[in-house]
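Me: I am new to this structure. Please take a close look at one part of it, the charged side chains and how they pair, and then set that part in its surroundings.

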Amino acid sequence: MRGRTPFAVLVVMLLAGGLFGLLALNTALNEGSFELSRLQKQTTKATDEQQSLQHEIDQSSAPDALAKRAGELGMIPAGGMAFLDVPNGGKVIGTPGPAQDSPPVKKSTVDPWPMKASPAAQGAPAPSARPTAQPSAQPTAPAAAPSAPTPAASAGDSVIQLNPVSPAPHGGGNR
C-alpha cells in the first residue's frame, strides 16, 4: 500500500493542475471576449458618427444649400453663359451676359472662411495671405506683408504671392 500513495498523490496533483489550467484558460478567453465586445461597440459608435458627418456634408453640398449660402454671401446668379467647343475648331456656343441683380447688392456680413484658431494663439507666425500683384509696366518695391492674419492664412490655405519681375536693363547685351 505504501507504493500506491505517491502515485495517488501524483494523479491528484495532475488533476488539480489541469483544473487550474482550464480555469486560467477560461478566464483569458472571457477577457478577450469582453475586449472584443468593447471594440465592437466602439466601432459601431465610430461608424454612426462617420455616417452622421457624411450626411451633414451631403446636405451642405446640395445645390439648394450652396445657392442659399452664396446668396448669404451676396453672390448673384450668373447671366448668360458661353462655352468654347475646342474639339470642333473653337466654336463659341451660347451668348455670354453679365449677371443681373436689383442694385444695390448689400454687403455680406457672413464670414466666408470662419477661423478655427488664430496662428498667434498657437505661437506660429502667420504667413502673408494677400498677394501683391502689380502691373509689370510700373515696377515698384513689393508691398510690405500685412501684420494681421487674414482668414485664408488662418485656415491653413496655401498662399501664392505674385511679385512682378524687374524688367531687364535696356541697352545691355546678353551676358
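Reply: Arg69 and Glu72 both sit in helix H2. Three residues separate them, about one turn of the helix. The model is a predicted one, and in it the two side chains form a salt bridge. Their closest N and O atoms are 3.5 Å apart. That pair qualifies because the cut-off for a salt bridge is 4 Å. How exposed are the two partners? Arg69 counts as partly exposed because its relative accessibility is 31%. Glu72 is also partly exposed, with a relative accessible area of 36%. Both values fall in between the limits of 20% for buried and 50% for exposed.

Now take the other pair. The count of salt bridges comes to two. Glu35 forms a salt bridge with Arg38. Here the closest N and O atoms are 2.6 Å apart. Glu35 and Arg38 both lie in helix H1, which covers residues 4-60. They too are three residues apart, about one turn of the helix. Glu35 has 37% relative accessibility, so it counts as partly exposed. Arg38 has 42%, so it is partly exposed as well.

Asp85 is a charged residue with another story. It lies in strand S1. Asp85 is buried, yet it has no salt bridge. The nearest side chain of opposite charge is Lys91, 6.8 Å away. That distance fails the test, because a salt bridge needs the atoms within 4 Å. What does the side chain of Asp85 meet instead? It makes a polar contact with the side chain of Asn88, at 2.6 Å. Leaving aside neighbours within four places in sequence, Asp85 is in contact with Gly90, Lys91 and Ile93. So Lys91 touches Asp85 under the contact rule, which asks for any heavy atoms within 4.5 Å. Being buried is uncommon here: of the 175 residues of the protein, 5% count as buried.

Step back along the chain to the loop between helix H2 (63-72) and strand S1 (82-85). Pro77 has its place there. Pro77 is exposed, because its relative accessible area is 64% and the limit is 50%. Not counting residues up to four places away in sequence, Pro77 touches Ala99 and Gln100. Pro98 can be placed against Pro77 too. The two are 21 residues apart in sequence, and their C-alpha atoms are 9.6 Å apart in space.

Now the whole protein. It has four helices and two strands. From the N terminus on, the elements run α-α-β-β-α-α. Among contacts between residues at least 6 apart in sequence, 43% join residues at least 24 apart. The accessible surface comes to about 15100 Å². Carbon and sulfur atoms hold 63% of that surface.

How far does the confidence reach? The protein averages a pLDDT of 74, and 60% of the residues score at least 70. Among the elements, H1 has the highest mean pLDDT, at 94. The salt bridge of Glu35 and Arg38 lies in that helix. Helix H4, residues 151-154, has the lowest mean, at 44. Over residues 126-157, pLDDT stays under 50. For that stretch, the model has 35 contacts beyond four places in sequence.

Conventions: Residues are numbered from 1 along each chain as its sequence is written. This is a predicted model: local features need pLDDT of at least 70, side-chain atom pairs count only at pLDDT 80 or more; totals for chains, interfaces and linings use all residues. Side-chain values use heavy atoms; hydrogens and water are left out. Buried means under 20% relative accessible area, exposed over 50%, partly exposed in between (1.4 Å probe, protein chains only). Lys and Arg count as positive and Asp and Glu as negative; His and the chain ends are not counted. A polar contact is a pair of N or O atoms within 3.5 Å; within protein, one must be able to donate a hydrogen and the other to accept it, and residues adjacent in sequence count only if both atoms are side-chain atoms. pLDDT is the predictor's confidence in each residue, from 0 to 100. Accessible areas come from the Shrake-Rupley method with a 1.4 Å probe; for residues, only the protein chains shown count as cover.
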